Amino acid sequence: MRRDGLKVLLPLLAIAGGMLLVQLVNGAFAGALNVWGLVPRHVEALPGILFAPWLHGSWAHLLSNLSGLLVLGSLVLLRSRRDFWFASAFIILGSGVLVWLFGRTGLHIGASGWLFGFWGLLLARAWFERSLLDLRPRGDEHAARHALLRAAHRRLHRARLGALGQHDPAAVR
C-alpha cells in the first residue's frame, strides 16, 4: 500500500488507537471508566451518548467492534473525509439518543451503533445510487480499497461459515 493510501486512512487509525488506549486505561482501572457509559432515560447519563462508543466491556468486545469498524469505516472514509466525519457524528449522536430514549435499562457501552450505522450508510448508498462505482478503485485509493474489499470478503465468509458451524481452512494459516 502506498503512503497516499495509508494517509487516507489516518483518521480511522487515530480513532482505533484512541479506542485501544481507552481500553488499556479502562482495563488497568478494572472498568472504572464504564461509569461514563449510556444508561437510558437517566439525565445524568446523557454524556454517555458521546462516551459510550469509546468504552468496551472487554478486549474481545473491543476487537469485535474494531475489526468491523475498521473495514466499514474505511469504505466510508475512502469516499471523503467530510462524509466520514459527518456520518460518524450523525451516527454516534443519533444512535446514542435512540438508545437513551428506547434502550433497555442497564449500561450500554461499545461501538456497535457506530459500526452498524456505517453498514446502514453503505447499504443505503448502494440502494439509492444503484451503482457499484463506489467500490471501483480510483487513483491513489486503488491499493487501499482493494485490500479493504478483500478483508471485508474474508470477514463475511468466516462469519457465514461460523454461523453454519463449518470449519474455515483459510483461518488455520
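The dialogue below goes through some assignments in this predicted model and the cut-offs behind them.

Trainee: What counts in this model, and how are residues numbered?

Mentor: Residues are numbered from 1 along each chain as its sequence is written, and side-chain values use heavy atoms, with hydrogens and water left out. Because the model is predicted, local features need pLDDT of at least 70 and side-chain atom pairs count only at pLDDT 80 or more, whereas totals for chains, interfaces and linings use all residues.

Trainee: Why is the contact between Arg 79 and Glu 129 called a salt bridge?

Mentor: A salt bridge requires a side-chain nitrogen of Lys or Arg within 4 Å of a carboxyl oxygen of Asp or Glu; the N to O distance here is 2.8 Å, so the pair qualifies. The two residues are 50 apart, with Arg 79 in the loop between α4 and α5 and Glu 129 in helix α6.

Trainee: What makes Arg 125 buried and Arg 82 exposed?

Mentor: Buried means under 20% relative accessible area, exposed over 50% and partly exposed in between (1.4 Å probe, protein chains only). Arg 125 has 8% and is therefore buried, while Arg 82, at 67%, is therefore exposed.

Trainee: What joins Arg 82, Asp 83 and Arg 125 into one network?

Mentor: Asp 83 forms a salt bridge with Arg 82 at 3.6 Å, N to O, and another with Arg 125, where the closest N and O atoms are 3.7 Å apart. Salt bridges that share partners thus join these residues into one network.

Trainee: Why is Ala 30 called exposed but Arg 41 partly exposed?

Mentor: Ala 30 has 76% relative accessibility and so counts as exposed, whereas Arg 41, at 42%, is therefore partly exposed.

Definitions and conventions:
Helix = DSSP H or I, 4+ residues; strand = E, 2+ residues; numbered from the N terminus.
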